[in-house]
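Notebook open, structure on screen. I'm jotting down what I look up, one topic at a time.

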Amino acid sequence: MGAQGINLKHTVVQAEAGMSRGSANKEEKLEPVHDSVDYKGRPLLKSSSFGGWRSAMFIIGVEVAERFAYYGISANLITYLTGSLGESTATAAARVNLWSGVASLLPLLGGFVADSFLGRYRTIVIATIVYLLGLGMLTLLAVLTSQDCPKNGAKKSCSPPQLHIALFYFALYIVAIGQGGHKPCVQAFGADQFDGKDPEESKAKNSFFNWWYFSLSMGVVVTLLVLVYIQDNLSWALGFGIPCIAMVVALVIFLLGTKTYRYSANAKKKHPFVRIGRVFIAAIKNWRITPQAIEFQQEGSGSSPPHISKQFKFLNKALIKPAGVVEDGKAFAEVEEAKAILRLIPIWVSCLGYGIVFAQASTFFTKQGVTMDRRLSSSVNIPPATLQIFISVSIVLLIPVYDRVFVPIARSVTKKPSGITMLQRIGIGMVLSAMAMVIAALIETKRLNTAQEHDLVNVKKATVPMSVWWLVPQYILFGAADVFTIVGLQEFFYDQVPAELRSMGLSFYLSIFGVGSLLSSLLVSVIEKASKDSWFDNNLNQAHLDRFYWLLAGLSGAGFAFFLYFAKSYIYKR
C-alpha cells in the first residue's frame, strides 16, 4: 500500500509537471511579437506564421535582383563612359564616383520618408517603380547611342549628341533616386521579420545580416559573369535591358510576400525626431545649469536614474523642468536616446576612409585591368570589370565560414551571441582594407616598372605583358574586408538607433560610402589640378596610381586609429 501511495504521488507530480509545461508552452505561444502587426494591422503572436525566415527569404530575393540590376549599371559604367560616350579616364572616374556618392546619400532621404510618412513597405514599392523608370530610360538611350555610333563597340571611343548624353545622366540619377528609397528600407524591413527581444530570434537576426550579404553577393557574381560580358562583347542596350527585367522580377517577388510580412507597430508613439529634438531644445534652454546643480536636484528629489551615462553630460540639462524639478524616468530614456545618436557620429566619421577605398574597385582597379594581359585563350579575353567578381566570390566563400565556424567558436569564448562585438568586426575589416591598398600600390608599382622595361610608357592603349591575375589579391582582400566591415556596419547602424529610425540607421551606414565616393572624386580632382605630372593620365602607363594607392593606405590607417579611439569608449544602446 505504501509503494502504491508513492507511485500515485509520483504520477500526480508528473501530471502537474506536464500541465505546468503545457501551460508554459501555451503562454509562450500566446506571447505577442514586440512592436509588430500583420498586413491588416492586427497584433501578432509568436505562434503565428508571420515573419521569420520564410518572409525574410522573399525580401532577400528582392535584394538579390536589385543588386543584380544596380551592379549591372555601376560595375562597368566607367567603360561605357570612356568608350560609348568618349569621356577621359579622370572625368569618367570623377563622374562615376559622384553618381555613386549621390546614390549612397539619397537613402538618407528615402529612409526619412519611410520612417516619417510612408512606412517601409510602401516606400519600397514606390521606389522600385521609380527605379524601373530610370532603367527603362537607360536601355532606350543605349539603343539610340548604338545607332549614333553603329560601328563602335565598347572598346572604341564615340561622341554621341549632347542631348543623348544629358538624358543618359538624367536617367542615371533617376536610378539613384529609386535606389535611395529601395536600399535602406528593404534591409530594415527584412531585419524587422525577427524579434530582437526574443533570444532565439535575436540569434536568427544576427545570422540574417550575414546571409543577406551572402545572397546579394551571389547576385553580383552573376552580374559580373554575365552582364559585363554582354556589355563588352554584345550590346549595351541588352546589358542595360536585362537589369530592367530583373527589377520587374524583384517587384513581383516582393508583392508575393505581402501577406506573410511583419509590419512595424510604432505609429502611435511620439516620433523619435520629436523626442530627440525636444531633448536638445531643453538642454539649450537650461544651458546655464551646471552638472553639480543637476546632481544636487537628483539627490533632493530622492531619485537616481539606474542607467544615466556620463558621456555628453550637457544633455543631462534637459532633465530639469522650469520649476527646478528633475524629470521622470521617461525623460531619462529620451536623453539616453539622444546620446545614442551622438555616439554614432565619431564612428561614422572614422569609417569615411574605408568609404573612399571602397570606391576604387569599380573605377581605377577596372582601368588597371584594361592595360594588362587579360587572355584566357587565344580568342577569349577577360572583361576588366569582371575582375570585381573576386570580391563577391571571396564574400560568398567567407560568410558561411564566418557564420558557421568563426561565430560559434568566438561565442564559446566571449559568451556573446554574435561572437565578437559589432565594432570589433568593423575594425578587423578596416585593417584588411588598409592592407588591400598597400598590396594594390605594390602591384601597380610592378605594373609601371614592367611597362618601362618594355618601352611601353609612351604607347597609348598598349597591353603591358603582365597577367591581370596579379590584381586578384587586392580584390580578395576587398571582399574579406567587406565581410567584416560592411556587414558589421549594417548591423551596427540598424541596432544602435531607435526602432522607429531603423531605415534611417541603414541610411547612415550607406551614406559612409556615398560621402566616401564624393571625397574620392574630390581627391582625384584636387590631385589632378595640383600635381605637375598627372597621377590619372589617360595613358595609365604614364600615370602614378601607385602614389594614389599609398595615399589611400595612409588615410585608411589614420581612419582606423581614429576609429579605435572612439570604439574603446563607445557605450552600446541597451
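**Gln 231**

I started with Gln 231, which is buried at 2% relative accessibility (buried is under 20% relative accessible area, exposed over 50%, partly exposed in between, with a 1.4 Å probe and protein chains only). Gln 231 sits in helix α7; helices here are DSSP runs of H or I with at least four residues, strands are runs of E with at least two, and both are numbered from the N terminus. I then checked its distance to Ile 73: the two C-alpha atoms are 9.9 Å apart, with these positions 158 residues apart along the chain.

**Ground rules**

I have to remember that this is a predicted model, where local features need pLDDT of at least 70 and side-chain atom pairs count only at pLDDT 80 or more, while totals for chains, interfaces and linings use all residues. Residues are numbered from 1 along each chain as its sequence is written, and side-chain values use heavy atoms, with hydrogens and water left out.

**Helix α5**

I looked up two residues in α5, which runs over residues 120-148. Ala 127 is in this helix and is buried, at 6% relative accessibility. Its C-alpha atom is 10.0 Å from that of Ala 176, 49 residues away along the chain. Leu 141 also belongs to α5, and its relative accessibility of 6% makes it buried. From Leu 141 to Leu 167 I get 7.6 Å between C-alpha atoms, for a chain separation of 26 residues.

**Helix α6**

Does the length of α6 fit what its residue count predicts, or depart from it? It fits: 30 residues at 1.5 Å each should span 44 Å, and the end C-alpha atoms are 44 Å apart (the expected span is 1.5 Å times one less than the number of residues). I also noted a bend of about 30° at Gln 179 in α6; the bend is the angle between axes fitted to the seven residues ending at a residue and the seven starting there. Since 23 of the 30 residues of α6 are buried, the helix is largely enclosed by the rest of the structure.

**Val 487**

Val 487 is in helix α16 and comes out buried, with 0% relative accessibility. I paired Val 487 with Ile 426, 61 residues off along the chain, and the C-alpha atoms are separated by 8.1 Å.

**Cavities**

How many cavities of 30 Å³ or more are there? I count two. A cavity is a set of points on a 1 Å grid over the protein atoms alone where a 1.4 Å probe fits but cannot get out, and lining residues have an atom within 4 Å of a point. Grid points are joined across faces, edges and corners, and a volume is the space filled by probe spheres set on the points.

The largest cavity holds about 540 Å³. Its lining has 34 residues, and Arg 67, Tyr 70, Tyr 71, Phe 358 and Ile 486 lie nearest its centre. I make the split of that lining 20 nonpolar, eleven polar and three charged, where Ala, Val, Leu, Ile, Met, Phe, Trp, Tyr, Cys and Pro are nonpolar, Asp, Glu, Lys and Arg are charged, and the others, Gly among them, are polar. The helices that each supply at least two residues to this lining are α2, α4, α6, α7, α14, α16 and α17. The most comes from α4, with seven residues. Domain 1 (36-148 + 158-268) and domain 3 (344-573) both contribute to the lining, so the largest cavity lies between them; the domain bounds come from an automatic or database assignment.

The second largest cavity has a volume of about 30 Å³. Tyr 354, Val 357, Phe 358, Ser 433, Phe 478, Ala 481 and Asp 482 line it. The elements giving two or more of these residues are α12 (352-358) and α16. By class, I have five nonpolar, one polar and one charged.

**Positive phi**

Last, the backbone. Most residues other than glycine have a negative phi. I noted Lys 415, not a glycine, with a positive phi of about 65°. Lys 415 is in the loop between α14 (389-414) and α15 (422-453), and is exposed at 67% relative accessibility. Asp 455 has a positive phi too, near 55°. I placed Asp 455 in the loop between α15 and β5 (464-467), and its relative accessible area of 64% makes it exposed.

Note on methods:
1 Å grid on protein atoms, 1.4 Å probe; cavity = no way out; pocket = protein on both sides within 12 Å on 5 of 7 lines; lining within 4 Å.
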